[in-house]
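Subject: Structure for your reading

Dear colleague,

Please find below the structure that I am handing over to you. My notes on what was found in it follow directly after.

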Protein chains: 2
Amino acid sequence: MRIAEAANASGLSIDTIRYYEKSGIVPKVQRGSDGKRRFSKENVDWLTLLFWLRETGMPVKTMHRFAVLYQAGDDTIPERKTILLAHADFLKKRRADLDRCEEVLAYKLATYENLQGESLASSKP
Amino acid sequence: MRIAEAANASGLSIDTIRYYEKSGIVPKVQRGSDGKRRFSKENVDWLTLLFWLRETGMPVKTMHRFAVLYQAGDDTIPERKTILLAHADFLKKRRADLDRCEEVLAYKLATYENLQGESLASSKP
DNA sequence: CCTTGACCGGGACTAACTCCAGGTCGGTAT
DNA sequence: ATACCGACCTGGAGTTAGTCCCGGTCAAGG
């Protein structure tokens with residue numbers, strides 16, 4: 001499949017895919033006789049994984065490390081596992097941030113209600 | 001309170017606070033006779049709110065708009081409310097992303113278990 | 001034959017910081 | 001008195017993770 005389709009399937013933008021390939025996060029993609037990229041299913045799965053990792057805040061540096069390990073074969077599975085587990089942990093922290101931010105928003109919105117209530121209801125002594 | 005303390009209290013870094021002030025996201029902070037910033041409680045509350053908005057992905061541009069409204073007085077509360085509600089909505093999307101990413105990680109980790117199980121357990125026909 | 005659409009690489013631009021160099025001020029140690 | 005220290009200052013360069021734009025190529029269709 002060509003890059004537009006791969007972008008669609010993975011969630012990444014075309015530019016980002018090219019950028020990822022340039023920076024070695026995506027194993028060199030095959031080219032057709034026309035010189036254009038041809039993405040295999042494995043390529044697209046990989047891009048999709050990258051999409052989710054990045055979307056949830058994994059630094060590209062870490063993804064790069066992960067990519068190197070991936071290309072080095074199954075011996076590197078323990079370290080890859082460590083990376084993913086660390087990220088899973090990071091997601092927990094993110095979730096806690098969302099919780100906290102929701103609290104803050106709720107509080108802030110509540111004070112707005114009060115302020116508006118004050119100015120709209122002409123019921124102050 | 002001085003900048004170091006304000007940074008500590010709000011969660012932002014010292015550099016980020018200065019950067020926010022430069023870009024007009026923080027109303028001009030008072031200075032002591034020594035020329036150094038002195039943060040009021042209101043300043044710190046504002047910084048803390050900014051911290052949570054930014055931490056959860058609000059673009060600085062939006063925060064800037066929010067800051068302008070904030071400094072324009074209570075008439076702007078409806079629009080400020082809209083911004084915060086939109087952000088609350090955005091948080092929902094983020095949460096869904098976390099859910100999805102956790103699924104992806106769990107799946108990936110499971111395949112690792114299988115691969116390892118295969119290579120470690122010498123029980124293949 | 002000519003145009004259109006999808007793709008190409010290279011390089012400029014952007015966002016949101018982060019780091020650094022060189023300078024000032026107030027307080028303490030000598 | 002002076003030397004030094006730590007916390008702060010400004011301005012500017014560097015970093016990350018893209019995004020955008022340009023001129024160029026190629027295959028297919030009118």
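In the side chain of B:Thr16, an N or O atom lies 3.3 Å from a phosphate oxygen of DNA strand C. Two elements each give two or more residues to the surface near this strand, namely helix 1 (3-10) of chain A and helix 2 (14-22) of chain B. Helix 2 of chain B provides the largest share of that surface, with four residues. Please bear in mind throughout that this is a predicted model.

Two contacts from chain A may be set beside the one from B:Thr16. A polar backbone atom of A:Ala4 is 3.5 Å from a phosphate oxygen of DNA strand C. A:Lys36, by contrast, places a polar side-chain atom 3.1 Å from a base nitrogen of the strand.

Which residues come nearest to DNA strand C? Among the 16 residues around the strand, they are A:Arg18, A:Arg31, A:Arg37, B:Tyr20 and B:Arg54. Of the atoms of DNA strand C that come within 4 Å of the protein, 82% belong to sugar and phosphate. Sorted by class, the residues of this surface are seven charged, six nonpolar and three polar.

I turn next to the pockets. The largest pocket has a volume of about 400 Å³, and 17 residues line it. Those nearest its centre are A:Tyr107, A:Lys108, B:Asp45, B:Trp46 and B:Leu49. Helix 5 (77-120) of chain A and helix 3 (41-55) of chain B are the elements that give two or more residues to this lining. The largest share, seven residues, comes from helix 5 of chain A. By class, the lining of the largest pocket holds eight nonpolar, six charged and three polar residues.

The second largest pocket holds about 310 Å³ of space. From chain A its lining includes A:Glu42, A:Asp45, A:Trp46 and A:Tyr70, and from chain B it includes B:Arg100, B:Val104, B:Tyr107 and B:Lys108. Here helix 3 (41-55) of chain A and helix 5 (77-120) of chain B each supply at least two residues. Helix 3 of chain A gives the most to this lining, with six residues. The classes are six nonpolar, four charged and two polar.

How many cavities of 30 Å³ or more are there? The count comes to one. The largest cavity holds about 30 Å³ of space, and its lining is made up of A:Arg94, A:Asp97, A:Leu98, B:Glu55, B:Thr56 and B:Arg94. Helix 5 of chain A contributes the largest share of this lining, three residues. Four of the lining residues are charged, one is nonpolar and one is polar.

Finally, a few remarks on chain A as a whole. Its secondary structure comprises five helices and two strands, which follow one another along the sequence in the pattern α-α-β-β-α-α-α. The radius of gyration of chain A is 23 Å, whereas a compact globule of 125 residues would have a value near 14 Å. Along its principal axes, the C-alpha trace of chain A spans about 80 × 35 × 20 Å. Of the 125 residues in chain A, 37% count as buried.

Yours sincerely

Conventions
Residues numbered from 1 in each chain as written. Chains lettered and ligands numbered in written order. Predicted model: local features only at pLDDT ≥ 70, side-chain atom pairs only at ≥ 80, totals over all residues. Heavy atoms only, no water. Near = heavy atom within 4 Å. Polar contact = N/O pair within 3.5 Å; in protein donor to acceptor, adjacent residues only side chain to side chain. Nonpolar A, V, L, I, M, F, W, Y, C, P; charged D, E, K, R; others polar. 1 Å grid on protein atoms, 1.4 Å probe; cavity = no way out; pocket = protein on both sides within 12 Å on 5 of 7 lines; lining within 4 Å. Points joined across faces, edges and corners; volume = space filled by probe spheres on them. Rg over C-alpha atoms; globule rule 2.2 N^0.38 Å. Buried < 20%, exposed > 50% of the residue type's maximum accessible area, 1.4 Å probe, protein only.
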